[in-house]
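Student: Could you take me on a close look at one part of this structure? I would like a connected account of where its residues sit and what they touch.

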Amino acid sequence: MNSVNQKTIIVAEDERTIRGNIAINLQAEGHEVLEAGTGEEALRIMEQAVYKIDLLITDGDMPPGKITGEEVAEIALEHNISVILQSAFIPENLDSRITTIKKPYSPGKIIDLVRQKLLAI
């Protein structure tokens, strides 16, 4: 399913509008986008994926539940999935492999960051 240009990306964001906007922009770039509204949903997608997940974009400020955005990011790294963590407040002491973007940001900025991250894969 993954071609050289098309990658599979999970967008984990509790705010439906933000999640949808990111997904639309990534799909316009030719990527397969899997949406998750909670950390638990993101983990379920990772566990049930039948093909490689290339990138996780997760909200660091998702409401506390069983699994936070930061925890999902750490688990994704264990599965060799690249990670972008988006948040209004960037946490300290994050794993250096996690790329961060501070909210709010323009749609173009997240797309540029995704391109950079995917080139490094």
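Tutor: Happy to! Please keep in mind that this is a predicted model. Let us begin inside strand β3 and walk outward. T58 lies in strand β3, and leaving out residues up to four places away in sequence, T58 touches A12, G69, A73, V83, I84, L85 and Q86. T58 has a relative accessibility of 0%, so T58 counts as buried.

Moving along the chain, we come to G60, in the loop between β3 and α3. G60 has 16% relative accessibility, and because the cut-off for buried is under 20%, G60 also counts as buried. With neighbours within four places in sequence set aside, the contacts of G60 are L85, Q86 and S87. L85 and Q86 are thus among the contacts of T58 and also among those of G60. There is a long-range pairing to look at here as well: G60 and T100 are 40 residues apart in sequence, yet their C-alpha atoms are 9.4 Å apart in space.

Next comes D61, placed in the loop between β3 (55-59) and α3 (69-78). With a relative accessible area of 37%, D61 is partly exposed. On the surface, D61 gathers with E70, E71, E74 and E78 in a patch of negative charge. Residues in such a patch have over 30% relative accessible area and no salt bridge, so D61, at 37%, is on the accessible side of that cut-off.

Other charged residues do pair up, and the count comes to 7 salt bridges. One of them joins the side chains of E35 and R19, at 3.3 Å from N to O. This pair links distant parts of the chain, with E35 in strand β2 (residues 32-36) and R19 in helix α1 (residues 16-28), 16 residues apart. The two ends sit in contrasting surroundings: E35 is partly exposed at 39% relative accessible area, whereas R19 counts as buried at 10%.

A second bridge connects D95 with R97, their closest N and O atoms being 2.8 Å apart; R97 is partly exposed at 48% relative accessibility. Another is formed by R115 and D112, with closest N and O atoms 3.3 Å apart. R115 and D112 both lie in helix α4 (residues 107-119), 3 residues apart, or about one turn of the helix. R115 is partly exposed, with a relative accessible area of 40%, and D112 is partly exposed at 40% too. Finally, E13, D59 and K103 are joined into one network by salt bridges that share partners.

Methods: Residues are numbered from 1 along each chain as its sequence is written. This is a predicted model: local features need pLDDT of at least 70, side-chain atom pairs count only at pLDDT 80 or more; totals for chains, interfaces and linings use all residues. Side-chain values use heavy atoms; hydrogens and water are left out. Patches are made of residues with over 30% relative accessible area and no salt bridge: like charges are joined within 9 Å, nonpolar side chains (Val, Leu, Ile, Met, Phe, Trp, Tyr) within 5 Å. Accessible areas come from the Shrake-Rupley method with a 1.4 Å probe; for residues, only the protein chains shown count as cover. A salt bridge is a side-chain nitrogen of Lys or Arg within 4 Å of a carboxyl oxygen of Asp or Glu. Lys and Arg count as positive and Asp and Glu as negative; His and the chain ends are not counted. The place of a charge is taken as NZ of Lys, CZ of Arg, CG of Asp or CD of Glu. Helices (H or I, at least four residues) and strands (E, at least two) are DSSP runs, numbered from the N terminus. Buried means under 20% relative accessible area, exposed over 50%, partly exposed in between (1.4 Å probe, protein chains only). Contact means heavy atoms within 4.5 Å.
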